[in-house]
Amino acid sequence: MSTDQSYFCDFLIVGQGIAGTVLAHTLIGQGKAVLVVDDWNYSSSSKVAAGLYNPIVFKRLTQSWMIDELLPVAEKFYTDLEQILGEQLFYKKEIVKLFAEKSEKDLWLKKAKEEEQKKYLSGTVEQDFLTEVINSGNGAGFVKQAGNVEVKKMLTLFRAHLKKQNLIIEEKFNYADLLLNGESVNYKGIRAKKIIFCEGFRAGENPYFNWLPFKLTKGEILTIKLSGGIIPDDKCINKGVFILPMGNDVYKVGATHNWNDLNEIPTEQGKNELIEKLNRILKISYQVIAHEAGVRPTVRDRRPLIGLHPKHSSIGIFNGMGTKGIMLAPYFAVHFSETLNGNKTLNKEVDITRFL
């Protein structure tokens, strides 16, 4: 769709990364008229993301924030989306946590008996998990109800879905062309009740939301090739880095965290860090076939940034999902839509007014 014609919609969504895709699909499913503006060639960390989700915080072996509420909504969302797009995107996997020392194993067994953790942590450990190819001398525990979404595939298919329905404008959004008309907005002849920005780390360039306290992190990831289906497709290895099977003997390995070099250019330093950690896990050779980088829209308090602008009620934001966007976006897309419809009050932990 081009912007040289008059058009009216309920919601104009800027950005088609994980957040924009999930919000657009959610609102369309509710019968809303939605139009997306996105330049595929413009940077997006979503296209690099491995899409791994984990219900456990490994550092403390506690539940991830709101996981009991997030998980069922996410599973239903991605299963429904698969039906519409016609291809599998969502895979359930166990995360195999390799213990660095005996104390980690002891803590695991203790935590696995606690009521909140036992549904996610295996109550036993395996001492010799794939020892012919993996250094697992201290044993391994298994995280249940984990998995991954093929993010880039999801974004590509959903974009094609939008294009078929003439619901996407493929261009970089120009803030200077946005006109505010009280309870609505106008963008190059397109009128909308509300515009919602889902721009990821690019929100720092947005004149309406550049005051929000993003604490961006650059992440680098490798794609490697191993022969012979060495790691089962229903498992993901974790010890310093994750090794995530993607099918056909291809694996994603990641990820680094850099708070200073905030661009999407892969670095030798990042590559070497991943290779060094990978070599501590694998006993066998592998081939690096890709090296990518992205900037995550992480936030100072590690909570999403959702809500309407304090002075302009027709402008909103759905952002700040950070490293957990795959799990957070489906639940909070529904939650945000309910607040936009006036049926609920926005959760204070994600409401952008917490920073006013």
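The exercises below work through the overall form, one pocket and two residues of a predicted model.

Residues are numbered from 1 along each chain as its sequence is written, and side-chain values use heavy atoms, with hydrogens and water left out. Because the model is predicted, local features need pLDDT of at least 70 and side-chain atom pairs count only at pLDDT 80 or more, while totals for chains, interfaces and linings use all residues.

**Exercise 1.** Describe the secondary structure and compactness of the protein chain.

Step 1. Six helices and 18 strands make up the secondary structure; helices (H or I, at least four residues) and strands (E, at least two) are DSSP runs, numbered from the N terminus.

Step 2. The radius of gyration, taken over C-alpha atoms, is compared with the globule rule, 2.2 Å times the number of residues to the power 0.38. The protein chain has a value of 21 Å, close to the 21 Å that the rule gives for 356 residues, so it is as compact as a globular protein of that length.

Step 3. Of the 356 residues, 53% are buried (under 20% relative accessible area, with exposed over 50% and partly exposed in between; 1.4 Å probe, protein chains only).

**Exercise 2.** Work out which elements line the second largest pocket.

Step 1. A pocket is an open set of points on a 1 Å grid over the protein atoms alone, where a 1.4 Å probe fits, with protein on both sides within 12 Å along at least five of seven lines; lining residues have an atom within 4 Å of a point.

Step 2. The second largest pocket holds about 220 Å³ of space, and its lining includes His 25, Phe 77 and Pro 330.

Step 3. At least two lining residues come from each of α1 (18–29), α2 (67–85) and α6 (325–340). With four residues, α2 gives the most.

**Exercise 3.** Place Thr 217 and Glu 183 in the fold: is each buried or exposed?

Step 1. Thr 217 lies in strand β12 (residues 217–225), and counts as buried because its relative accessibility is 4%.

Step 2. Contact means heavy atoms within 4.5 Å. Apart from neighbours within four places in sequence, Thr 217 is in contact with residues including Asn 258, Trp 259 and Arg 296.

Step 3. Glu 183 sits in the loop between β9 (178–181) and β10 (184–187). Its relative accessibility is 62%, so Glu 183 counts as exposed.

Step 4. Residues up to four places away in sequence aside, Glu 183 touches Lys 193, Ser 313 and Ser 314. Glu 183 and Lys 193 are ten residues apart along the chain, and 6.6 Å separates their C-alpha atoms.

Conventions: Points joined across faces, edges and corners; volume = space filled by probe spheres on them.
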